Amino acid sequence: MLKLEQLTKVYPTGDKALTDVTLEIPSGQVVALIGPSGAGKSTLIRCINRLVSPSSGKAILDDVELTALGSAGLRRERRRMGMIFQEYALVERLTVMENVLSGRLGYVGFWRSYFRKFPQKDVDEAFRLLDRVGLLAMADKRADELSGGQRQRVGIARALIQDPALLLVDEPTASLDPKTSRQIMRLICELCKERDLAAIINIHDVALAQMFVERVIGLRFGVVQFDGPPEGLTPDVLTTIYGEEDWKETIQKVDEEDLQDVVS
Amino acid sequence: MQDIQAAFLAAFNLIVSLDADLFEIVGLSLTVTLSAVAISCLLGFPLGALLAISRFPGRGMIVVFISSLMGLPPVVVGLTVYLFLSSAGPLGSWQMLYTPTAMIIAQTLLVTPIVAALTRQIIEDLNGEYSELLRSMSARRRDILSTLLWDARYSLITASLAGMGRALAEVGAVMIVGGNINHVTRVMTTAIALETSKGELALALGLGIILVLLSISINAALMSLRTNMERFAYA
């Protein structure tokens, strides 16, 4: 489904953000990308939809080599990669509904979207998605009236209305409280399962990642240090990813919280 | 003190007597300035927005150049337009010197850099927020431009107001290319300059008061338009 082959990014300053990243993600799999700030997590997901151009290596989505596409091909393929940003990436002055429909921008011309002449099936789909993410009642609210968690739900609906094959998710919970963070992570994972979507989620919070995903990839200095199930994140592994620290606390706390979460 | 009292009295008299000359002058002032601002917005909004989202060698220099044009002395602009339009100049055959059209051209040259420079700043800030989102959604360049201009529309009203203030208040450019000809190219600012030099201080001050009131009401009208548009848009 998604294949990365020796993906490398060197910034003009000489900083090596990614070094020979090779991995494969089958459809339906949700992968958490962890690592310290500056490890290359954001660069990696942006190299896939080419918001950042990789220096060498390949990214292949269903037999299409993304890294070799010209601008027209890239436009077409970007539709198949829904991106979810930190909560603030909504057009503040538009309504929830308009924000969701803007996800169809790559499909319909902009003048049509200006005058809100979206095809009826797009509008129907937008209502279905808003219902699914629990915001049906908010469809006509302005985006800047929403709470952080609600905004992120709009972002999710907008990414999904693109009808993507792959979700690229950049720090979805970075500015959310712990409870909302879990709800958002749960929603993303459920939706990926329902729609058989692959997803890469950049995330700071190791505990949160362990709670919801089936596979974790750890990056340090742009190099993959760990690739495996969340149970494999032992203190030793976390030390190779993040450096020396006492990890027992972190992991134990996770297990307890996780249990409570499952019970509730 | 007496002069000031006389000025208010003169202004009051001019207004209540519906003085025909006065309304002609005010009308011409408004026509020239509003036309110049409208043309400047048509040129300056897209130019500023394009500059905001483009990256090319020499862009920084253009940005600095346009910003510095914001401070162009009106008399220099007037002189340049004069040179082009005078009968010996390259556009002399158009016979436009000392017409309202020449005044509109001069004011457009003064106002466009202001609108373009402010638009560039406004759109660049907004683009910082939207850029990745729009690109990830496969938006085309013109989609990006129109989204940003549309979303910044209320801030852009302020940019056009800044340009309007400049055009309505300046005297140098319209004096040089218009010539302050009675019933043809006399506007509020040139009339004030003339009355002052004739020693008609009360009348000059009276005109000045009307000019200030006019400026305030145009600003107020556009501001309330902005508020109403926002309310309407999000009702």
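Which residue is the bridge partner of Leu33(A) in β9(A)? In this predicted model, the bridge partner of Leu33(A) is Ile217(A). The legends below begin with the whole chain and then turn to individual strands and one helix residue.

**Figure 1. Overall view of chain A, with its 10 helices and 10 strands.** The radius of gyration of chain A is 19 Å, close to the 18 Å that the globule rule gives for 264 residues, so the chain is as compact as a globular protein of that length. Along the principal axes, the C-alpha atoms fill a box of roughly 55 × 50 × 30 Å. Of the 264 residues, 57% count as buried. Among contacts between residues at least 6 apart in sequence, 69% join residues at least 24 apart. Carbon and sulfur atoms account for 49% of an accessible surface of about 11,800 Å². Chain A carries 34 positive and 39 negative side chains, and 9 Å separates the centres of the two sets.

**Figure 2. Close-up of strand β9 (residues 215-220) of chain A with its partners β3(A) and β10(A).** Strand β3 (residues 30-34) runs parallel to β9(A), and four bridges join the two. Within this pairing, Leu33(A) is matched with Ile217(A). Strand β10 (residues 223-228) runs antiparallel to β9(A) and is joined to it by five bridges; here Gly218(A) stands opposite Phe226(A). The hairpin of β9(A) and β10(A) has two residues between the strands, and in it Phe221(A) takes a positive phi near 50°. Five of the six residues of β9(A) are buried, so this strand is largely enclosed by the rest of the structure.

**Figure 3. Close-up of strand β8 (residues 198-202) of chain A, in which five of the five residues are buried.** Because of this burial, β8(A) is largely enclosed by the rest of the structure. In a regular strand the side chains alternate between the two faces of the sheet. In β8(A), Ala198(A), Ile200(A) and Asn202(A) point one way, whereas Ala199(A) and Ile201(A) point the other way, and all are buried. Four bridges join β8(A) to β3(A) in a parallel arrangement, and Val30(A) has Ala199(A) as its bridge partner. Strand β7 (residues 166-170) also runs parallel to β8(A), with five bridges between them; Val169(A) stands opposite Ile201(A).

**Figure 4. Close-up of an open sheet of four strands in chain A, in the order β2-β1-β4-β5.** The pairing in this sheet is antiparallel. Strands β2 (16-25) and β5 (64-65) stand at the edges, each with a single partner strand, so one side of each is left without a neighbour in the sheet. At the β5(A) edge, two bridges join β5(A) to strand β4 (residues 56-61), and these strands run antiparallel. In this pair, Leu61(A) stands opposite Val64(A).

**Figure 5. Close-up of Arg195(A), a residue of helix α7 (residues 178-195).** With a relative accessibility of 31%, Arg195(A) counts as partly exposed. Leaving aside neighbours within four places in sequence, Arg195(A) is in contact with Glu125(A), Leu129(A) and Leu160(A). Thr234(A) lies 39 residues from Arg195(A) along the chain, and their C-alpha atoms are separated by 32 Å.

Definitions and conventions. Residues numbered from 1 in each chain as written. Chains lettered and ligands numbered in written order. Predicted model: local features only at pLDDT ≥ 70, side-chain atom pairs only at ≥ 80, totals over all residues. Heavy atoms only, no water. Rg over C-alpha atoms; globule rule 2.2 N^0.38 Å. Buried < 20%, exposed > 50% of the residue type's maximum accessible area, 1.4 Å probe, protein only. Contact = heavy atoms within 4.5 Å. Areas by Shrake-Rupley, 256 points an atom, 1.4 Å probe, with all protein chains shown as cover. Lys, Arg positive; Asp, Glu negative; His and termini not counted. Charge placed at Lys NZ, Arg CZ, Asp CG, Glu CD. Pairing = 2+ DSSP bridges.
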